[in-house]
Amino acid sequence: MTRTHAVLYDLTSLDLFITVAQERNLTRASRIKHMAVSAISKRITELEAQIGSPLLVRNARGVELTPAGQSLLFHARQIKQTMAQLDIELSGYASGVKGHIHLHAITSALSQFLPQDLASFSRVYPAIKFDIEERVGSAVVRAVADGRAELGIIAEQTPTQGLETYPYRHDELTLAVPVGHALAHRERVTFKEVLAHEMVGPHLDSSMHTLLTAEAAKLDMTPQLRIRVSSFDCMCRMVSNGLGIAVLPRSVISQYLRSHKLKAVTLDEPWAKRTLLLVVKKYDAASATLKTFIDHLRLAP
């Protein structure tokens with residue numbers, strides 16, 4: 001029979017069903033839940049009537065799950081976990097927390113600017129919580145577009161799929177080379193000179209890869225990528241071990257100059273100075289908490 005309407009499940013009945021399924025015994029479940037066996041059995045029968053299929057097979061040792069029962073157990077556990085997380089988050093509001101922001105950002109933002117901007121924001125709004133995930137630019141845009149993130153930070157070269165964007169910060173892409181490399185004595189190099197050497201490159205989906213590939217194509221050249229790696233820290237380690245040279249934000253390289261024996265060489269290209277953007281579905285429709293945070297980031301030095 002085709003079901004033409006959604007079934008509304010009782011959370012208490014689902015919780016009881018999980019206990020029965022775990023114990024494989026109605027009597028043990030009744031002791032755990034401090035309910036009569038008949039009351040639990042009635043709840044299970046009502047669930048079976050709702051679903052239109054048996055959930056349990058009763059035998060001398062207890063009960064076994066039918067295929068429908070196995071499916072319900074899987075989803076009931078997910079619902080229980082979601083409700084527990086919801087309770088944790090909402091209890092935070094009851095105790096005075098004023099907001100919760102889900103943010104996805106590219107590595108450049110997380111490794112350079114965001115920590116200090118979060119610190120200054122949190123000093124003013126200490127009760128606001130953050131969930132932050134590091135993603136490549138295209139994944140940041142997808143997360144904001146489908147609602148998994150309320151705010152994203154990307155590089156300006158990343159297509160934004162119609163999302164609203166606001167300038168955030170500027171960074172400078174610079175060449176990282178190991179001390180002793182042929183380019184290490186130079187103060188400035190062109191990208192054409194860089195492309196003559198083997199490189200440690202970023203992840204295929206990253207905004208950095210998109211930019212470098214596009215600029216190489218303008219020169220009718222292709223980067224000699226020996227290794228691809230998504231972490232800036234790993235890229236610096238690869239460079240320090242002579243596995244290639246890399247284009248990275250200057251402030252990232254500066255953290256590793258002494259420890260990794262690297263040299264930062266200015267990339268003499270206009271596109272090496274780039275803008276990072278905040279991306280949001282619609283600022284006017286954002287919560288007051290999110291607007292306050294976006295305004296704070298837009299005013300950052």
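**Close-up 1. Helix H6 passes helix H12 in a right-handed crossing.** Welcome to this predicted model; our tour begins where two helices meet. H6 covers residues 114–124 and H12 covers residues 288–298. Their axes come within 10 Å and cross at roughly 125 degrees, which makes H6 oblique to H12. To find the contact on the H6 side, look for Leu114, Asp117, Leu118, Ser120 and Phe121. Their partners on H12 are Thr292, Phe293, His296 and Leu297. Sorted by class, the residues of this contact are five nonpolar, three polar and one charged.

**Close-up 2. Helices H1 and H2 meet in a right-handed crossing.** Here you can follow H1 through residues 11–23 and H2 through residues 26–33. The two axes come within 8 Å of each other, with a crossing angle of roughly 130 degrees. H1 and H2 are therefore oblique to each other. From H1, the contact takes in Asp15, Leu16, Thr19, Val20 and Glu23. H2 brings Leu26, Arg28, Ala29, Ile32 and Lys33 to the contact. What classes of residue does the contact of H1 with H2 have? There are five nonpolar residues, one polar residue and four charged residues.

**Close-up 3. The largest pocket has a volume of about 170 Å³.** This pocket is lined by 15 residues. Which of them are closest to its centre? They are Thr107, Val136, Ser206, Ser230 and Phe232, so you can use these names to find your way. Two helices, H5 (107–112) and H9 (207–218), are the elements that give two or more residues to the lining. The lining of the largest pocket is made up of seven polar, five nonpolar and three charged residues.

**Close-up 4. The largest cavity has a volume of about 40 Å³.** Rolling a probe the size of a water molecule over the atoms shows where empty space is left. How many cavities of 30 Å³ or more turn up in a search of the whole structure? The search finds one. Around the largest cavity you can pick out Met199, Gly201, Pro202 and His209, together with Leu212, Thr213, Pro223 and Leu225. Strand E8 (198–201) and helix H9 each supply at least two residues of this lining. H9 gives the largest share, with three residues. You will find no charged residues in the lining of the largest cavity, which has five nonpolar and three polar ones. H9 may look familiar, as this helix also gives two or more residues to the lining of the largest pocket.

Conventions
Residues numbered from 1 in each chain as written. Predicted model: local features only at pLDDT ≥ 70, side-chain atom pairs only at ≥ 80, totals over all residues. Heavy atoms only, no water. Axes fitted to C-alpha atoms, helices over the stretch in contact; angles between N-to-C directions. Helix = DSSP H or I, 4+ residues; strand = E, 2+ residues; numbered from the N terminus. Parallel < 35°, antiparallel > 145°, perpendicular 65-115°, else oblique. Left-handed = near helix turned anticlockwise from the far one by under 90°. Contact = heavy atoms within 4.5 Å. Nonpolar A, V, L, I, M, F, W, Y, C, P; charged D, E, K, R; others polar. 1 Å grid on protein atoms, 1.4 Å probe; cavity = no way out; pocket = protein on both sides within 12 Å on 5 of 7 lines; lining within 4 Å. Points joined across faces, edges and corners; volume = space filled by probe spheres on them.
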